[in-house]
Amino acid sequence: MIADRIARLEGKGIAVEWARELARGRKGLIRLETADPNFDTPPHIIEAAKRALDRGHTHYTDFQGLPELREAIAEKLEAEAGVSYNPDTEILVTSGTAESIYIAIQGTINPGDEVILTDPTYLIFEPCVMLAGGMVVRIPLIEEAGWTLDVEELRAKAGPRPRAVIINSPNNPTGTVFGRAELEQVAEVALENDLIVLFDMLFDKIVFDGEKMENVVSIPDMKARTILLGGFSKVYSTCGFRVGWLAAGAELVSRLTNTLHLYVSICAGSVAQEAAIAALRGPQDWLKEWVGSYQQRRDLLVEGLNSIDGIRCQLPKGGYFVFPDISGIEKDAYQFAQRLIDEAGVVVTPGSDYGPHGQGHVRMVFGSTSEDGIREAVERMKRHLPF
Ligand SMILES: Cc1ncc(COP(=O)(O)O)c(C=O)c1O
């Protein structure tokens, strides 16, 4: 019954579901596998969703998304990236960033096209590229330099066939926030080689040490070749609301709205879209506190991990996960993750699904548990490692 193109994806991008399955029904675990914040959704966002329900806003919206939400997204991009998008034609609201990624790749990649991904990076990019018939080319991030981009490799890989490069900043799973200089190099390569740049900025406001995320679209001449992919799940703790967006040229937005978006979701949920308007237009002051809390947890976890023999962990600049090297204890990431659940009761995701460079690593989400949870996880690891 299964189509060949789906059968070929066997085992790709499954690390999180694998860990969740292992954890199912078990008690006393510390859950660091799913990138879903432990904060409750802010009350003004919940209120907006309730209001939408009370007013009977339970019908299809504009398929492209509520006009007011598209305006709010355009205002955000103008204010933060300094680039203007026409909300009528250049923004599409989707059912989560997962949909934006899927339709952007499916809508731009032809069979045989090469798509450059960092290694490691978010685990659904590769299967989405494969599904479009594209071929993945990886450029390793340099771990010792804080998982930064190897620009020489990028230049070397951008031969005659690459069509696109996908950058995720802050990068899941390494927490890399690509700097302006790195993005300028990406832009230079993209301009020289006529590449499309897909820029997944879902974690855009979760950046530490007082820094801000740089946006590739802010670089001159980049708007025309960039597809911005974003959403609300992580920053606003609304993972279950399922709202995302895509910002790109009018022709692509129109084509995607009338084809892939229509086929997979018609429109994003009406109630959730109203909540998303409240997220963007409502107060933002609480965010500083959240980011401060994530930063404290980051520091706690990185310090704890680096005190364990056989583990080395870089300090991420954004996102809410770390990607420690555990190869000093166990080279196989799945083996390590399995034993960590079974013996220490700590649930993490194997790193090998995020790219070949992720072998010997695991992803640990510090945004999903309290400081006490982090302390307990480190204690248990100290007690049980080496296996
Ligand atoms: C980098 C990145 N992009 C996109 C997504 C999909 O997010 P959502 O569909 O909840 O907006 C995730 C989820 O973990 C992610 O980490």
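Which residues are exposed on the other side of helix α9? Keep that one in mind while we walk through the structure, which is a predicted model.

Let's start with the sheet. Eight strands, 8 in number, make up an open sheet, and if you trace across it you meet them in the order β2-β9-β8-β7-β6-β3-β4-β5. The pairing is mixed. At the edges sit β2 (91-94) and β5 (148-149), each with a pairing partner on one side only. In general, strands of a sheet pair through backbone hydrogen bonds, either parallel or antiparallel. For a parallel example, look at β3 (residues 114-119) and β6 (residues 162-168), which pair over 4 bridges. Within that pair, isoleucine 116 stands opposite valine 165 of β6.

Now for a helix on the sheet. Helix α4 (residues 67-81) lies across β2 and β9 (244-247), and α4 runs at about 115 degrees to β2.

That brings us back to helix α9, which spans residues 250-258. Here Val253, Leu256 and Thr257 are buried. These three cover an arc of only 100 degrees around the axis, so they end up on the same side of α9. The general background is that an α-helix has 3.6 residues a turn, so residues three or four places apart point the same way. And the opening question? On the other side of α9, the exposed residues are Glu251 and Asn258. As for what the buried residues of α9 pack against, the partners are β2, α5 (96-108) and α10 (260-264).

Helix α5 turns up again around the ligand, where it gives the largest share of the shell, 4 residues. There are 14 residues around the ligand, and those that come nearest are Gly96, Thr97, Ala98, Gly231 and Ser233. Sorted by class, the shell has 6 nonpolar, 7 polar and 1 charged residues.

One last stop is alanine 272, which you'll find in helix α11 (residues 270-281). Is alanine 272 buried or exposed? It has 23 other C-beta atoms within 10 Å, and 20 or more is what it takes, so alanine 272 is buried. Leaving aside residues up to four places away in sequence, alanine 272 touches Ala49, Phe241, Arg242 and Val243. Alanine 247, on the other hand, is 25 residues from alanine 272 in sequence and 19 Å from it in space, C-alpha to C-alpha.

Definitions and conventions: Residues are numbered from 1 along each chain as its sequence is written. This is a predicted model: local features need pLDDT of at least 70, side-chain atom pairs count only at pLDDT 80 or more; totals for chains, interfaces and linings use all residues. Two strands pair if DSSP finds at least two bridges between them. Helices (H or I, at least four residues) and strands (E, at least two) are DSSP runs, numbered from the N terminus. Two residues are in contact if their C-beta atoms, placed from the backbone, lie within 7 Å. Axes are lines fitted to C-alpha atoms, for helices over the stretch in contact, and angles run from 0 to 180 degrees between N-to-C directions. A residue is buried if 20 or more other C-beta atoms lie within 10 Å of its own, exposed if 12 or fewer, and partly exposed in between; C-beta atoms are placed from the backbone. The arc is that of the directions from the helix axis to the C-beta atoms. A residue is near a molecule or strand if its C-beta atom, placed from the backbone, lies within 6 Å of it. Ala, Val, Leu, Ile, Met, Phe, Trp, Tyr, Cys and Pro count as nonpolar, Asp, Glu, Lys and Arg as charged, and the others, Gly among them, as polar.
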